[in-house]
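I am opening a notebook page on this structure and will note what I look up, entry by entry. The order follows my own reading.

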Amino acid sequence: MGYKVKLASFEGPFDLLVYLIEHNKMNIYDIKVSEITAQYLEYIEEAKAHDVNVAQEFMVLAAELIELKSAMLLPREIVDEETGELEDPRKQLVARILEYKQFKEMASFLADQAELTSHMRSKPQEDLTSYTGETEEILKGDMDSFASAFLAFLTRKQRLEEMHKTYERIARVKMTLENKVNQIIGFFKNKKQVKFSEMIEGDDSPFNRVITFMSILELLRQHSIRAEQKKRFGDIDLERIEPGEYVEPEPIDDTELVEA
(Lines give C-alpha, C1' and ligand atoms only; values in the text may rest on other atoms or scores of the structure.)
Protein backbone atom coordinates (compact mmCIF):
# COMPACT_ATOMS: atom_id res chain seq x y z
CA MET A 1 0.00 0.00 0.00
CA GLY A 2 1.47 3.32 -1.10
CA TYR A 3 1.77 6.27 1.25
CA LYS A 4 0.75 9.85 0.59
CA VAL A 5 3.22 12.70 0.73
CA LYS A 6 2.09 16.31 0.99
CA LEU A 7 3.75 18.01 -1.97
CA ALA A 8 3.98 21.81 -2.05
CA SER A 9 0.96 22.08 0.29
CA PHE A 10 -1.20 19.80 -1.90
CA GLU A 11 -2.54 16.47 -0.70
CA GLY A 12 -3.37 14.44 -3.79
CA PRO A 13 -4.11 15.35 -7.40
CA PHE A 14 -7.62 16.74 -6.87
CA ASP A 15 -6.36 19.10 -4.18
CA LEU A 16 -3.96 20.55 -6.74
CA LEU A 17 -6.64 20.67 -9.44
CA VAL A 18 -9.11 22.52 -7.21
CA TYR A 19 -6.37 24.98 -6.21
CA LEU A 20 -5.56 25.76 -9.85
CA ILE A 21 -9.24 26.33 -10.70
CA GLU A 22 -9.79 28.63 -7.72
CA HIS A 23 -6.44 30.40 -8.14
CA ASN A 24 -7.32 31.25 -11.75
CA LYS A 25 -10.84 32.31 -10.68
CA MET A 26 -12.48 29.93 -13.14
CA ASN A 27 -16.10 28.87 -13.06
CA ILE A 28 -16.09 25.25 -12.01
CA TYR A 29 -18.76 24.54 -14.62
CA ASP A 30 -16.69 26.21 -17.37
CA ILE A 31 -13.12 24.99 -16.79
CA LYS A 32 -10.48 26.11 -19.29
CA VAL A 33 -9.07 22.64 -19.74
CA SER A 34 -6.08 23.67 -21.89
CA GLU A 35 -4.83 26.25 -19.36
CA ILE A 36 -5.42 24.02 -16.35
CA THR A 37 -3.70 21.05 -18.00
CA ALA A 38 -0.57 23.09 -18.79
CA GLN A 39 -0.29 24.35 -15.19
CA TYR A 40 -1.02 20.89 -13.79
CA LEU A 41 1.80 19.32 -15.84
CA GLU A 42 4.25 21.91 -14.47
CA TYR A 43 3.51 20.69 -10.96
CA ILE A 44 3.91 17.10 -12.14
CA GLU A 45 7.43 17.81 -13.34
CA GLU A 46 8.28 19.17 -9.91
CA ALA A 47 6.70 16.16 -8.26
CA LYS A 48 8.82 13.71 -10.24
CA ALA A 49 11.95 15.18 -8.75
CA HIS A 50 10.73 14.53 -5.20
CA ASP A 51 8.73 11.34 -4.94
CA VAL A 52 7.96 8.73 -7.59
CA ASN A 53 4.84 7.38 -5.87
CA VAL A 54 3.33 10.83 -5.62
CA ALA A 55 4.25 11.55 -9.23
CA GLN A 56 2.49 8.39 -10.38
CA GLU A 57 -0.65 9.34 -8.45
CA PHE A 58 -0.65 12.79 -10.01
CA MET A 59 0.09 11.31 -13.46
CA VAL A 60 -3.21 9.40 -13.50
CA LEU A 61 -5.21 12.62 -13.32
CA ALA A 62 -2.76 14.31 -15.70
CA ALA A 63 -3.52 11.67 -18.33
CA GLU A 64 -7.25 12.25 -17.83
CA LEU A 65 -6.78 15.99 -18.29
CA ILE A 66 -4.80 15.48 -21.50
CA GLU A 67 -7.52 13.15 -22.79
CA LEU A 68 -10.16 15.70 -21.85
CA LYS A 69 -8.18 18.43 -23.60
CA SER A 70 -8.18 16.37 -26.78
CA ALA A 71 -11.91 15.71 -26.49
CA MET A 72 -12.55 19.44 -26.26
CA LEU A 73 -10.78 19.93 -29.60
CA LEU A 74 -12.81 17.28 -31.44
CA PRO A 75 -16.26 17.91 -32.91
CA ARG A 76 -18.98 17.25 -30.34
CA GLU A 77 -22.47 15.85 -30.68
CA ILE A 78 -25.60 17.94 -30.16
CA VAL A 79 -27.46 16.77 -27.05
CA ASP A 80 -30.43 19.17 -27.40
CA GLU A 81 -31.82 19.85 -30.87
CA GLU A 82 -34.00 22.78 -29.70
CA THR A 83 -31.26 24.77 -27.96
CA GLY A 84 -28.35 23.41 -29.97
CA GLU A 85 -26.53 22.45 -26.76
CA LEU A 86 -23.37 20.42 -27.41
CA GLU A 87 -22.08 17.50 -25.37
CA ASP A 88 -19.66 18.69 -22.67
CA PRO A 89 -16.77 16.28 -21.99
CA ARG A 90 -16.04 18.21 -18.75
CA LYS A 91 -19.32 17.16 -17.14
CA GLN A 92 -17.95 14.06 -15.44
CA LEU A 93 -14.84 15.89 -14.19
CA VAL A 94 -16.99 18.67 -12.73
CA ALA A 95 -19.10 16.13 -10.83
CA ARG A 96 -15.95 14.52 -9.37
CA ILE A 97 -14.56 17.92 -8.33
CA LEU A 98 -17.82 18.89 -6.59
CA GLU A 99 -17.88 15.58 -4.77
CA TYR A 100 -14.25 16.03 -3.72
CA LYS A 101 -14.93 19.54 -2.37
CA GLN A 102 -17.96 18.30 -0.45
CA PHE A 103 -15.97 15.53 1.26
CA LYS A 104 -13.11 17.93 1.96
CA GLU A 105 -15.47 20.39 3.68
CA MET A 106 -16.94 17.55 5.72
CA ALA A 107 -13.48 16.39 6.72
CA SER A 108 -12.53 19.92 7.74
CA PHE A 109 -15.70 20.21 9.84
CA LEU A 110 -15.04 16.89 11.58
CA ALA A 111 -11.45 17.94 12.25
CA ASP A 112 -12.64 21.18 13.84
CA GLN A 113 -15.13 19.27 16.02
CA ALA A 114 -12.41 16.83 17.06
CA GLU A 115 -10.17 19.73 18.02
CA LEU A 116 -13.01 21.32 19.98
CA THR A 117 -13.93 18.17 21.88
CA SER A 118 -10.30 17.37 22.62
CA HIS A 119 -10.31 20.17 25.20
CA MET A 120 -13.41 18.84 26.98
CA ARG A 121 -13.30 16.57 29.98
CA SER A 122 -16.15 14.42 31.19
CA LYS A 123 -16.96 13.75 34.83
CA PRO A 124 -18.07 10.25 35.85
CA GLN A 125 -21.54 9.94 37.30
CA GLU A 126 -21.70 9.87 41.08
CA ASP A 127 -24.06 8.02 43.37
CA LEU A 128 -26.24 10.64 45.11
CA THR A 129 -28.77 8.30 46.69
CA SER A 130 -27.31 8.98 50.14
CA TYR A 131 -28.45 12.61 49.75
CA THR A 132 -31.76 12.05 47.99
CA GLY A 133 -32.98 9.03 49.94
CA GLU A 134 -35.03 6.33 48.30
CA THR A 135 -35.53 6.96 44.61
CA GLU A 136 -38.78 5.04 44.45
CA GLU A 137 -41.74 4.87 46.79
CA ILE A 138 -44.59 2.38 46.70
CA LEU A 139 -47.99 3.97 47.20
CA LYS A 140 -50.36 1.91 49.29
CA GLY A 141 -54.06 2.57 49.70
CA ASP A 142 -57.51 1.69 48.52
CA MET A 143 -59.54 3.30 45.76
CA ASP A 144 -61.33 5.67 48.18
CA SER A 145 -57.99 7.02 49.40
CA PHE A 146 -56.82 7.71 45.87
CA ALA A 147 -60.15 9.37 45.01
CA SER A 148 -59.95 11.59 48.10
CA ALA A 149 -56.38 12.57 47.30
CA PHE A 150 -57.30 13.40 43.71
CA LEU A 151 -60.31 15.45 44.85
CA ALA A 152 -58.09 17.37 47.29
CA PHE A 153 -55.68 18.06 44.45
CA LEU A 154 -58.46 19.44 42.23
CA THR A 155 -59.82 21.58 45.07
CA ARG A 156 -56.39 23.04 45.80
CA LYS A 157 -55.85 23.70 42.10
CA GLN A 158 -59.21 25.49 41.85
CA ARG A 159 -58.40 27.66 44.89
CA LEU A 160 -55.04 28.63 43.39
CA GLU A 161 -56.69 29.61 40.12
CA GLU A 162 -59.31 31.70 41.96
CA MET A 163 -56.58 33.38 44.00
CA HIS A 164 -54.63 34.23 40.85
CA LYS A 165 -57.76 35.66 39.25
CA THR A 166 -58.41 37.75 42.38
CA TYR A 167 -54.89 39.20 42.28
CA GLU A 168 -55.32 39.94 38.57
CA ARG A 169 -58.61 41.74 39.26
CA ILE A 170 -56.98 43.79 42.03
CA ALA A 171 -54.15 44.74 39.66
CA ARG A 172 -56.65 45.82 37.00
CA VAL A 173 -58.68 47.88 39.52
CA LYS A 174 -55.51 49.54 40.77
CA MET A 175 -54.49 50.46 37.27
CA THR A 176 -58.02 51.76 36.56
CA LEU A 177 -57.91 53.86 39.73
CA GLU A 178 -54.62 55.45 38.67
CA ASN A 179 -56.01 56.17 35.23
CA LYS A 180 -59.19 57.61 36.70
CA VAL A 181 -57.20 59.95 38.95
CA ASN A 182 -55.35 61.25 35.90
CA GLN A 183 -58.64 61.58 34.06
CA ILE A 184 -60.16 63.68 36.86
CA ILE A 185 -57.08 65.90 36.90
CA GLY A 186 -57.68 66.40 33.19
CA PHE A 187 -61.17 67.75 33.93
CA PHE A 188 -59.59 70.68 35.75
CA LYS A 189 -57.26 71.75 32.95
CA ASN A 190 -59.78 74.19 31.47
CA LYS A 191 -62.01 74.80 34.50
CA LYS A 192 -61.57 75.27 38.22
CA GLN A 193 -64.83 73.67 39.32
CA VAL A 194 -66.63 70.54 38.13
CA LYS A 195 -69.50 68.39 39.39
CA PHE A 196 -69.39 64.69 40.17
CA SER A 197 -72.24 64.05 37.73
CA GLU A 198 -70.16 65.53 34.89
CA MET A 199 -67.41 62.98 35.47
CA ILE A 200 -69.70 59.97 35.00
CA GLU A 201 -71.58 61.24 31.96
CA GLY A 202 -71.71 58.54 29.31
CA ASP A 203 -70.93 55.74 31.78
CA ASP A 204 -73.32 55.60 34.73
CA SER A 205 -72.38 52.03 35.65
CA PRO A 206 -71.91 51.15 39.35
CA PHE A 207 -68.26 50.32 38.72
CA ASN A 208 -67.57 53.70 37.13
CA ARG A 209 -69.38 55.48 39.98
CA VAL A 210 -67.34 53.63 42.61
CA ILE A 211 -63.98 54.05 40.88
CA THR A 212 -64.67 57.75 40.28
CA PHE A 213 -65.64 58.27 43.92
CA MET A 214 -62.51 56.40 45.10
CA SER A 215 -60.38 58.57 42.81
CA ILE A 216 -61.92 61.70 44.34
CA LEU A 217 -61.07 60.42 47.80
CA GLU A 218 -57.49 59.88 46.69
CA LEU A 219 -57.27 63.43 45.33
CA LEU A 220 -58.75 64.75 48.58
CA ARG A 221 -56.09 62.88 50.49
CA GLN A 222 -53.45 64.50 48.29
CA HIS A 223 -55.04 67.96 48.91
CA SER A 224 -55.35 68.40 45.15
CA ILE A 225 -59.08 69.19 45.15
CA ARG A 226 -61.80 70.47 47.50
CA ALA A 227 -65.22 68.72 47.66
CA GLU A 228 -68.57 69.99 48.90
CA GLN A 229 -71.98 68.28 49.04
CA LYS A 230 -74.71 70.78 49.89
CA LYS A 231 -77.40 68.20 50.64
CA ARG A 232 -77.53 64.51 51.45
CA PHE A 233 -77.37 62.29 48.35
CA GLY A 234 -76.95 65.42 46.28
CA ASP A 235 -74.36 66.15 43.62
CA ILE A 236 -70.79 66.78 44.74
CA ASP A 237 -69.09 70.04 43.78
CA LEU A 238 -65.37 69.67 43.21
CA GLU A 239 -62.89 72.53 43.07
CA ARG A 240 -59.23 72.44 42.12
CA ILE A 241 -56.77 73.56 44.80
CA GLU A 242 -53.76 75.47 43.56
CA PRO A 243 -50.37 74.82 45.21
CA GLY A 244 -50.20 76.59 48.60
CA GLU A 245 -53.96 77.25 48.60
CA TYR A 246 -55.01 74.32 50.82
CA VAL A 247 -56.70 75.20 54.16
CA GLU A 248 -57.77 72.54 56.67
CA PRO A 249 -61.61 72.40 56.48
CA GLU A 250 -63.84 72.88 59.54
CA PRO A 251 -65.75 69.86 60.91
CA ILE A 252 -69.18 69.40 59.30
CA ASP A 253 -72.28 69.08 61.48
CA ASP A 254 -74.20 66.14 59.99
CA THR A 255 -77.44 67.45 61.42
CA GLU A 256 -77.35 70.37 59.02
CA LEU A 257 -77.73 68.07 56.03
CA VAL A 258 -81.33 67.65 54.89
CA GLU A 259 -82.93 65.00 52.81
CA ALA A 260 -82.88 65.55 49.09
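Entry 1, a salt bridge. I looked up K101 in this predicted model and found that its side chain meets that of E22 in a salt bridge, at 3.3 Å from N to O. The pair links distant parts of the chain, since K101 belongs to helix α4, residues 91-117, and E22 to helix α1, residues 13-23, with the two positions 79 residues apart. I then checked accessibility, and K101 counts as partly exposed at 28% relative accessibility, while E22, at 49%, also counts as partly exposed. With the cut-off for exposed set at over 50%, I note E22 as partly exposed because its value is 49%.

Entry 2, further salt bridges. How many salt bridges does the structure hold? I find eight, and I followed two more of them. In one, the side chains of E64 and R96 meet at 2.8 Å, N to O; E64 lies in helix α3, residues 52-73, and R96 in helix α4, so this pair ties together parts that are 32 residues apart in sequence. E64 has 30% relative accessibility and counts as partly exposed, and R96, at 31%, counts as partly exposed as well.

The other pair I followed is R90 with D88, whose side chains meet in a salt bridge at 2.9 Å, N to O. Through shared partners, salt bridges join D30, D88 and R90 into one network. Is R90 buried or exposed? I have R90 down as buried, with a relative accessible area of 10%, whereas D88 is partly exposed at 28%.

Entry 3, helix α4. Since helix α4 had come up in two of these pairs, I looked at the helix as a whole. At 1.5 Å a residue, its 27 residues should span 39 Å, and the C-alpha atoms at its ends are 39 Å apart, so the expected span and the model agree. Which residues of α4 are buried? They are L93, V94 and I97.

Entry 4, the packing of α1 on α4. Two packed helices are described by the angle between their axes and by the distance between those axes. For α1 and α4 I have an angle of about 105° and axes that are 11 Å apart. That angle makes α1 roughly perpendicular to α4, because the range from 65 to 115 degrees counts as roughly perpendicular. From α1 the contact is made by F14, D15, L17, V18, I21 and E22, and from α4 by L93, R96, I97, Y100, K101 and K104; E22 and K101, the salt-bridge partners of my first entry, are thus among the residues of this contact. By type, the contact residues divide into seven nonpolar, no polar and five charged.

Entry 5, V18. I took V18, in helix α1, as one residue to follow within this contact. V18 counts as buried at 9% relative accessibility, and, leaving aside residues up to four places away in sequence, V18 touches I97, Y100 and K101. The C-alpha atoms of V18 and I97 are separated by 7.2 Å, although the two residues are 79 residues apart along the chain.

Entry 6, the chain as a whole. I count eight helices and five strands in the chain, and from the N terminus on the elements run α-α-α-β-β-α-α-α-β-α-α-β-β. Buried residues make up 20% of the 260 residues. Among contacts with a separation of 6 or more, 55% are between residues 24 or more positions apart.

Entry 7, S215. I looked up S215 in helix α8, residues 206-221, and found this residue buried, with a relative accessible area of 0%. Not counting residues up to four places away in sequence, S215 touches L177, K180, V181 and I184.

Entry 8, backbone angles. Most residues other than glycine have a negative phi, so I noted two exceptions. H223, which is not a glycine, has a positive phi of about 60°; H223 sits in the loop between α8 and β4 (225-229) and is partly exposed, with a relative accessible area of 38%. Where does F233 lie? I find F233 in the loop between β4 and β5 (236-240), with a positive phi near 65°, and at 70% relative accessibility F233 counts as exposed.

Notes. Residues are numbered from 1 along each chain as its sequence is written. This is a predicted model: local features need pLDDT of at least 70, side-chain atom pairs count only at pLDDT 80 or more; totals for chains, interfaces and linings use all residues. Side-chain values use heavy atoms; hydrogens and water are left out. A salt bridge is a side-chain nitrogen of Lys or Arg within 4 Å of a carboxyl oxygen of Asp or Glu. Buried means under 20% relative accessible area, exposed over 50%, partly exposed in between (1.4 Å probe, protein chains only). The expected span of a helix is 1.5 Å times one less than its number of residues. Axes are lines fitted to C-alpha atoms, for helices over the stretch in contact, and angles run from 0 to 180 degrees between N-to-C directions. Angles under 35 degrees count as roughly parallel, over 145 as roughly antiparallel, 65 to 115 as roughly perpendicular and the rest as oblique. Contact means heavy atoms within 4.5 Å. Ala, Val, Leu, Ile, Met, Phe, Trp, Tyr, Cys and Pro count as nonpolar, Asp, Glu, Lys and Arg as charged, and the others, Gly among them, as polar.
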